[in-house]
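Here's a quick briefing on side-chain interactions, grouped by topic. Have a look at the structure first, then read on.

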Amino acid sequence: MGNYDDDLFRREMAGVAPLKEDDRVREPHRRGPTLSQRLRRAAATARPNHDPNPLSVPERVPEAGPYDIVGVKKNGVQEGVYRKLRLGKYDPQARLDLHRVRLMDARDQVYLFIRESQQNGQRTVLINHGKGEHSERPGLLKSYVLHWLNEFDQVLAFHSAPAHQGGAGVTLALLRKTGTASQKNREFFYERSRAQR
């Protein structure tokens with residue numbers, strides 16, 4: 001059976017010359033991209049897939065210890081307003097609990113929470129990040145939350161909550177007013193000043 005196959009092969013290959021060795025690499029003639037390919041490429045470069053969340057996750061951020069009391073007052077915030085925030089005089093209008101939440105998920109939750117709270121006209125919010133005293137890196141999530149609040153333009157000030165609101169494991173944040181809320185405020189004070197004349 002094997003000889004028959006060999007004979008068949010030789011008969012079929014009769015008159016076939018082997019290819020000459022050639023070291024050149026030949027690229028097949030390519031046509032340019034089709035119209036649909038060009039349109040897809042243009043669309044991809046016009047709106048690249050990027051993360052809409054601007055909060056950064058650097059390898060290291062300023063570390064806050066589990067029991068550290070921390071706060072930041074950005075430019076334009078009156079000292080009296082910041083003092084009331086520090087003392088917990090403003091009731092939180094929204095709360096976010098980040099216990100047992102992974103770092104990247106916490107980043108997304110903080111971003112959405114602050115953005116939605118501000119859009120809803122809420123001025124004081126509370127973020128419960130915990131102290132992180134039993135974590136592998138104590139205070140890690142707390143440190144990142146403080147870093148993100150500092151990055152957020154909509155956050156005017158933040159401070160560790162007083163003991164009755166959670167202490168070092170909780171941060172209170174004061175949010176910027178939306179444009180419509182600021183306008184209503186101006187109109188209110190304008191009308192009040194006119195009434196007093």
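**Charges, rings and one buried lysine**

Asp-108 counts as partly exposed, because its relative accessibility is 34%. Keep in mind that this is a predicted model. Asp-108 is a handy way into the charged pairs, since its side chain meets that of Arg-107 in a salt bridge, at 3.4 Å from N to O.

**Salt bridges**

- In total, the structure has 4 salt bridges.
- Arg-107, the partner of Asp-108, sits at 6% relative accessibility and therefore counts as buried.
- Lys-73, Glu-79 and Arg-86 are tied into one network by salt bridges with shared partners.
- Within that network, the closest N and O atoms of Lys-73 and Glu-79 are 3.9 Å apart, which still makes a salt bridge because the cut-off is 4 Å.
- Lys-73 has a relative accessible area of 34%, so it is partly exposed; Glu-79 is partly exposed too, at 47%.
- Arg-60 and Glu-63 also pair up, with 2.8 Å between N and O.
- Both ends of that bridge are out in the open: Arg-60 is exposed at 56%, and Glu-63 is exposed at 59%.

**Lys-74, a buried charge without a bridge**

- You'll find Lys-74 in the loop that runs from strand S1 (71-73) to helix H3 (79-86).
- Lys-74 is buried but makes no salt bridge.
- What is the nearest side chain of opposite charge to Lys-74? That's Asp-153, 5.5 Å away, so the pair misses the 4 Å cut-off for a salt bridge.
- The Lys-74 side chain does reach a backbone oxygen, that of Val-155, at 2.9 Å.
- Leaving aside residues up to four places away in sequence, Lys-74 touches Leu-149, Asn-150, Phe-152, Val-155 and Leu-156.

**Aromatic pairs**

- There are 2 aromatic pairs in the structure.
- One of them is Tyr-111 with Phe-152, a stacked pair with centres 5.9 Å apart and 25° between the planes.
- This pair bridges distant parts of the chain, 41 residues apart: Tyr-111 belongs to helix H4 (residues 103-119), while Phe-152 is in the loop between helix H5 (140-151) and strand S4 (155-160).
- Tyr-111 is buried at 13% relative accessibility, and Phe-152 is buried at 5%. Phe-152 also turns up among the contacts of Lys-74.
- Tyr-144 and Trp-148 make a tilted pair, 5.8 Å from centre to centre with 45° between the planes.
- Those two are 4 residues apart in helix H5, so about one helical turn separates them.
- Tyr-144 and Trp-148 are both buried.

Definitions and conventions
Residues numbered from 1 in each chain as written. Predicted model: local features only at pLDDT ≥ 70, side-chain atom pairs only at ≥ 80, totals over all residues. Heavy atoms only, no water. Buried < 20%, exposed > 50% of the residue type's maximum accessible area, 1.4 Å probe, protein only. Lys, Arg positive; Asp, Glu negative; His and termini not counted. Polar contact = N/O pair within 3.5 Å; in protein donor to acceptor, adjacent residues only side chain to side chain. Contact = heavy atoms within 4.5 Å. Phe/Tyr/Trp six-rings, centres within 6.5 Å; stacked < 30°, edge-to-face > 60°.
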